[in-house]
Amino acid sequence: MTRCAIYTRKSTDEGLEQEFNSLDAQRESAEAYIASQRAEGWTVVPDRYDDGGYSGGDMERPALDRLLRDINDDKVDCVVVYKVDRLSRSLLDFAKIMETFDRHGISFVSVTQQFNTTHSMGRLTLNILLSFAQFEREIIGERIRDKLAAQARKGKWTGGVPILGYDVDRSSPSPKLVVNAKEAARVREMFRMYLQEASLLPVVKELARRGWGNKHRVTRKGHELGSRPFDKATLYQLLTNPTYTGKRKFKDELFAGEHEAIIEQDLFDKVQQQLKANGRSGGAEVRNKYGALLRGLLRCKGCNSAMAHTFCRGKTQNAYRYYRCIHSIKNGRGACSIGLLPAATIEQVVVEEIRCLARDETLLNQVLDDADAAIGGELAVARRERDDVRREIARDHKELQQLVTGGATAAEITRRMADLHTSTRNGAGI
């Protein structure tokens, strides 16, 4: 008896939900071939080895792994596939698989490509067929990369998972990114929070307190993904994404995108400068972990260099804080006539001076004017968010009209209308 294992594969998961899909068609052809060899004692093993949605360019496939384990356990005598490239599209990987087959005395059969691997001519034919399969895969990959590069140069969306702040509008033949008003408001707040805190960790903690997570989405099969809490890595990735400025990045190049910007270029540049500074020094909390009020503000009157915060411990192990001229730190005490300034004393003097300034009516009026200007800026942001919501609602209503007048099925119309109505209600409630 020859125990035959049927291996099937499909590169994408499109159509696998159908009652009779490509994997079933491959298996049916293989079963028919094995049935024709029943007189030789061929029989099908009950286990199925189906890899749906896995590329043939590598060996990271669960069903293939299970097949190789069963071969090592002497449960299989022959492997049957519909075509050679179903097993692998890589010549190197295929050589490894065939080495395993030879070591265990496993026969290999392709239903649509008749050859015998027991002699040299059959193995040569097999290698030639596989070389063409690998060549075809590489050509397809090059074409896809060229197409993505051309789309990026035109500023179009090149596919993938949409980021927080944007949704994908698929109502037109060419899908594009559109602003999600609610998420866009959160993204703007994250950029402002980081500039205020000058450190990633406090922003992460505040986002966790507010319950703000990353992009939430629902797949075509109804699976909900995303909404995971931010950490330092994911927040850094968001803050450095040029897509928010209306650009598209492809490899190391930036192109003007056709989508609307969420973040102004000036704000984005300030955040990048702050991130770069923190990358060298470890962040605001690390740079000023002793809470020096005048750190980075106090300058030496004698040599006009910055004064650094330092401390020393006395015999009682109490820490005494000081401000000292950086010039004297680098070149010795004799380099500057100004000595050590007691930190607590100079900080108290500055605090008292600020309290006196708080009673200055002219200064108070200037502060009020600045507050009015800040409120005006916040109102402008609120109006922009309102306009985003209005555009999003109008877009949803337009898609509703297209569904009603288009040729979609009743089930598709019902499901999409429910999603759009939910989106409309959420948008109107912002």
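How are helices H7 and H8 oriented to each other? In this predicted model, the axes of H7, which spans residues 200–210, and H8, which spans residues 232–239, come within 10 Å and cross at roughly 100°. Because angles of 65 to 115 degrees count as roughly perpendicular, H7 and H8 are roughly perpendicular to each other. The pair is described in these terms because two packed helices are characterised by the angle between their axes and the distance between the axes.

The residues that make this crossing can be named on both sides: from H7 come Leu-200, Leu-201, Val-203, Val-204 and Leu-207, and these meet Lys-232, Leu-235, Tyr-236 and Leu-239 of H8. Sorted by class, the residues of the contact of H7 with H8 are eight nonpolar, no polar and one charged. Within H7, the buried residues are Leu-200, Pro-202, Val-203, Val-204 and Leu-207. Just after H7, the chain reaches Gly-211, which takes a positive phi of about 75°.

Helix H8 also meets a second helix, H6, made of residues 181–197, and here the two axes come within 11 Å and cross at roughly 105°. H6 and H8 are therefore, like the pair discussed above, roughly perpendicular to each other. In this contact Val-187, Met-190, Phe-191 and Tyr-194 of H6 meet Leu-235, Leu-238 and Leu-239 of H8. The classes here are seven nonpolar, no polar and no charged residues. Leu-235 and Leu-239 are thus named in the contact with H7 and again in the contact with H6.

How is the burial of H8 arranged around its axis? The buried residues of H8 are Leu-235, Leu-238 and Leu-239. Seen down the helix axis, these buried residues fall within an arc of 95°, so they line one face of H8. Such a pattern can be read against the geometry of the α-helix, which has 3.6 residues a turn, so that residues three or four places apart point the same way. On the face turned away from the buried side, H8 carries the exposed residues Ala-233 and Gln-237. Thr-234 also has its place in H8, and at 28% relative accessibility it counts as partly exposed. The C-alpha atom of Thr-234 is separated by 9.6 Å from that of Val-204, although the two residues are 30 residues apart along the chain.

A further example of burial on one side is found in helix H1, which covers residues 22–36. At 1.5 Å a residue, its 15 residues should span 21 Å, and the end C-alpha atoms are 22 Å apart, which agrees. Leu-23, Gln-26, Arg-27, Ala-30, Tyr-33 and Ile-34 are buried in H1. These residues cover an arc of only 120° around the axis, which puts them on the same side of H1. The elements that cover the buried residues of H1 include strands S1 (2–10), S2 (42–44), S3 (49–52), S4 (78–81) and S5 (107–110), together with helix H3 (84–87).

Helix H9, residues 265–281, contains Asn-278. At 11% relative accessibility, Asn-278 counts as buried. The C-alpha atoms of Asn-278 and Ala-198 are separated by 7.9 Å, while their positions lie 80 residues apart along the chain in the sense that they are that far apart in numbering.

Two loop residues deserve attention for their backbone angles, since most residues other than glycine have a negative phi. Ser-227, which is not a glycine, has a positive phi of about 65°. Ser-227 lies in the loop between strand S9 (224–226) and H8, and at 41% relative accessibility it counts as partly exposed. Asn-304, likewise a residue other than glycine, has a positive phi near 60°. Asn-304 is found in the loop between helix H10 (284–287) and strand S12 (307–313), and at 52% relative accessibility it counts as exposed.

These details belong to a chain with 14 helices and 14 strands. Of its 430 residues, 33% are buried. Among the contacts in the chain with a separation of 6 or more, 57% are accounted for by residues 24 or more positions apart.

Conventions
Residues numbered from 1 in each chain as written. Predicted model: local features only at pLDDT ≥ 70, side-chain atom pairs only at ≥ 80, totals over all residues. Heavy atoms only, no water. Axes fitted to C-alpha atoms, helices over the stretch in contact; angles between N-to-C directions. Helix = DSSP H or I, 4+ residues; strand = E, 2+ residues; numbered from the N terminus. Parallel < 35°, antiparallel > 145°, perpendicular 65-115°, else oblique. Contact = heavy atoms within 4.5 Å. Nonpolar A, V, L, I, M, F, W, Y, C, P; charged D, E, K, R; others polar. Expected span 1.5 Å × (residues − 1). Buried < 20%, exposed > 50% of the residue type's maximum accessible area, 1.4 Å probe, protein only. Arc of directions from axis to C-beta.
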